[in-house]
Amino acid sequence: MINASGLIKNFGYRRAVDDVSFEAQKGAVVGILGPNGAGKTTTIRMVAGFLVPDAGTVWVKGIDVAADPVAAQKHIGYMPETTPLYEDMTVSGFLRFLAEVRGFSGAERQRRVDEVIERCFLQPVRNQSIDTLSKGYRQRTCFAQTLLHDPDILLLDEPTEGLDPNQKQVVRDMIREMSKEKVIMLSTHVLEEVEAICTRAIIISAGKVVADDQPSVLKTRSTRYNAVTLDVEGEGIPAILETFPNIGKIQTLSTDGNRSRLFLLPKLGKPIAADVLETAREKRWKLFDLKVDEGRLDDVFRRITTTEDIREAE
Ligand SMILES: Nc1ncnc2c1ncn2[C@@H]1O[C@H](COP(=O)(O)OP(=O)(O)OP(=O)(O)O)[C@@H](O)[C@H]1O
Ligand SMILES: [Mg+2]
């Protein structure tokens, strides 16, 4: 549904997006991550047809977006970082107005407005003036307008930014629900959000794609992947564990006589839990707890994005 190839965008001498390529199919929820200024918004705007790339092409359902943005935008619902809302309109008035702009009229227009109001849980505020809405309802009104023409592709730039945890959850549930029949791309700074709803994460740093994989696979690149936290009682345990070839570092978290809580960091993410268990049984150690780390996305994110955010174009 989306195919982006070799996207480049310069602003003056600054290269904001530097050879970005990706594709996404129906059912995908693609999270775009990256530090401030990495090029997420610029990338999304090029996909949405609001910014023309200096090089490269985006196809949306086979349509070259830069060549025919109007045709492409029929399939796209785009929620910018900050959506201009008409402050003195009511929620339903605003949505009716935008539905009309989209070319709907009469009963069809009303049906679509009612439907997005229901989908975005806006019933309680449908007759409220936009300038009196709380942030959560404003955000959902922005979301609702992207759905009026029932597009196959949703591009959401930080859809949960600034929302309280409950509102975040509401928006995430909406995204998850809608992902079944659409492809959704969203940018976010919230890594737990990526784990919760994204089927794929693209990490952008200084305009370049530095990772593109399922969140669970990305997590295996974490230094903590397969690390073991152990609560165990027995004789000379740390010394024995030090002889294990795949254990890189042993950290004692606490001790109480012969009982200790240990953190074992593997070499190169190698699995170590099975060996530890085996030895515990052989040596008759008393095991109170053993946890295997599945890795952390924030750890991976930090490791691969700690370069400067902006590169100068050659
Ligand atoms: N219209 C513009 N004119 C000049 N520079 C721009 C313009 N839009 C973006 N930039 C620059 O391009 C770079 C990428 O910006 P972009 O907004 O895409 O980053 P982002 O990843 O969305 O960041 P954030 O997480 O802060 O939203 C930044 O250096 C930004 O200052
Ligand atoms: Mg942005």
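Visitor: Which strands does helix α6 lie across, and at what angle does α6 run to β8?

Guide: Helix α6 (residues 165-179) lies across β3 (29-33), β7 and β8 (183-187), and runs at about 150 degrees to β8. Angles go from 0 to 180 degrees between N-to-C directions, with axes as lines fitted to C-alpha atoms, for helices over the stretch in contact. Contact itself asks for two residues whose C-beta atoms, placed from the backbone, lie within 7 Å. Mind that this is a predicted model: local features need pLDDT of at least 70 and side-chain atom pairs count only at pLDDT 80 or more, while totals for chains, interfaces and linings use all residues. Residues are numbered from 1 along each chain as its sequence is written, and chains are lettered from A and ligands numbered from 1 in the order in which they are written.

Visitor: What makes something a helix or a strand here?

Guide: DSSP runs do: H or I over at least four residues for a helix, E over at least two for a strand, numbered from the N terminus.

Visitor: Why are α3 and α5 called roughly parallel?

Guide: Helix α3 (residues 91-101) and helix α5 (residues 135-147) pack at an angle of about 25 degrees, axes 10 Å apart. Under 35 degrees counts as roughly parallel, over 145 as roughly antiparallel, 65 to 115 as roughly perpendicular, and the rest as oblique. So α3 and α5 come out roughly parallel. V91, F94, L95 and L98 of α3 meet T141, A144 and Q145 of α5. That contact splits into five nonpolar, two polar and no charged residues. Nonpolar takes in Ala, Val, Leu, Ile, Met, Phe, Trp, Tyr, Cys and Pro, charged is Asp, Glu, Lys and Arg, and the others, Gly among them, are polar.

Visitor: And why are α3 and α4 oblique?

Guide: The axes of α3 and helix α4 (residues 106-119) come within 9 Å and cross at roughly 130 degrees. That value falls among the rest, so the pair is oblique. The contact uses S92, L95, R96, A99 and E100 of α3 with R109, R112, V113, V116 and I117 of α4. By class it has five nonpolar, one polar and four charged residues.

Visitor: Is the crossing of α3 and α4 left-handed or right-handed?

Guide: Right-handed. The near helix is turned clockwise from the far one, by less than a right angle; anticlockwise would be left-handed. The crossing of α3 and α5 is right-handed too.

Visitor: How do you know that β6 and β7 pair?

Guide: Pairing needs at least two bridges found by DSSP. β6 and strand β7 (residues 153-157) have four, in the parallel sense, so they pair. There, G77 stands opposite L154 in β7. The open sheet of six strands runs β6-β7-β8-β3-β9-β10, with mixed pairing.

Visitor: What makes β6 and β10 edge strands?

Guide: β6 (76-79) and β10 (208-213) each have a single partner strand, so one side of each lacks a neighbour in the sheet.

Visitor: Which strands make up the open sheet of four?

Guide: The order is β12-β13-β11-β14, paired antiparallel. Strand β11 (residues 228-233) and strand β13 (residues 259-266) share six bridges, including L230 with L262.

Visitor: What makes a residue part of the shell around ligand 1?

Guide: Its C-beta atom, placed from the backbone, has to lie within 6 Å. Twelve residues surround ligand 1, the closest being F11, A16, K40, T41 and T42. They divide into four nonpolar, six polar and two charged. α1 gives the largest share, three residues.
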